[in-house]
Amino acid sequence: MLTAKQESYFETFGFLVMRRYFSPDKMKTITRQFDSVLTKDRSGVPFNREEQLVTTIVEQSQFFTQLVESDHIYKVIEQLMPGEFIWSGSEGNLTVHSEHRWHADRQGVAEVDYIRIKVMIYLDPVAKEQGCLRVIPGSHRLPLHTDLQPLIAQKADSCPQTFGVSGADLPCFPLESQPGDVIFFNHCLWHGMFGGWEGRRYLALKFAAKPTTEAHMASLRRWSPYALEPNPAFVNSDRPRIKSMVYVPFDR
Ligand SMILES: O=C(O)CCC(=O)C(=O)O
């Protein structure tokens with residue numbers, strides 16, 4: 001599904017944007033399903049400008065589970081991960097914050113050789129100054145990855161004190177997107193968001209290479225313990241692709 005050039009792009013820069021990946025009709029359904037799960041999670045109460053995160057949006061929705069096992073997602077992850085991979089959870093996000101300061105979801109020298117991928121589906125148009133994901137290309141790799149380490153505190157003055165510019169002015173690549181575009185990025189890539197508004201929505205799907213070492217296990221325990229305790233909806237699934245992603249301990 002991906003070309004060799006797209007694979008090289010992802011490996012080198014740490015992200016890939018698939019433009020118009022889902023049709024307008026498909027996006028309408030994705031948005032309707034997203035709103036429905038989040039409204040149910042609020043017990044039907046209208047959005048009241050409070051941040052909302054549903055960490056099992058995929059697991060509790062047959063529609064989103066099918067999306068994950070579709071070629072559009074599953075086959076691409078299969079191509080971007082060097083071997084087998086496991087499911088590492090989902091997020092339905094309705095945000096109100098205006099910025100998410102620079103960080104890498106998995107940060108540190110010990111992390112960069114263990115590949116994990118996050119898929120971002122923004123449900124609203126987002127732009128550089130209006131809530132899009134900004135990335136620092138190539139920062140999933142050493143030495144750039146650790147050169148940015150002072151920013152991990154994510155304080156208002158982390159960026160000015162380290163580089164003399166505000167977080168919003170740090171050199172970056174803004175992944176402006178329209179509904180239908182889909183972003184795949186390496187969890188070790190440094191990223192941030194500025195210009196967010198109340199009611200910004202995105203779906204995140206997370207995958208990790210199958211852990212094969214104690215270092216991988218330690219990393220999963222630290223950053224994503226939920227990946228090691230798969231949701232019953234996935235454990236009991238009879239769908240081959242879903243079953244293939246359920247974490248099974250080494251010694252079984
Ligand atoms: O709010 C956003 O769009 C960025 C989210 C983010 O930084 C993250 O999921 O780690």
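Trainee: Which residue in E9 is the bridge partner of Arg134?

Mentor: In this predicted model, where local features need pLDDT of at least 70, side-chain atom pairs count only at pLDDT 80 or more, and totals for chains, interfaces and linings use all residues, that partner is Gly192. Residues are numbered from 1 along each chain as its sequence is written.

Trainee: What makes E6 and E9 paired strands?

Mentor: Strands are DSSP runs of E with at least two residues, numbered from the N terminus, and two of them pair if DSSP finds at least two bridges between them. Strand E6 (residues 133-135) and strand E9 (residues 190-194) are joined by 3 bridges and run antiparallel, so the pairing criterion of at least two is met.

Trainee: Why are E4 and E7 said to stand at the edges?

Mentor: The open sheet of 4 strands has the order E4-E9-E6-E7, with antiparallel pairing. Strand E4 (99-104) and strand E7 (173-175) each have a single partner strand, so one side of each lacks a neighbour in the sheet.

Trainee: How do you know that Phe184 is in contact with Phe10 and Val119?

Mentor: Contact requires C-beta atoms, placed from the backbone, within 7 Å. Leaving aside neighbours within four places in sequence, the residues that satisfy this for Phe184 include Phe10, Phe15, Val76 and Val119.

Trainee: Why does the shell around the ligand count 1 charged residue?

Mentor: The residues around the ligand (C-beta atom, placed from the backbone, within 6 Å of it) are Thr95, His100, Asp105, Leu133, His191, Met193, Tyr202 and Ala204. Asp, Glu, Lys and Arg count as charged, and His falls among the polar others, so the shell has 4 nonpolar, 3 polar and 1 charged residues.

Technical notes. Contact = placed C-beta atoms within 7 Å.
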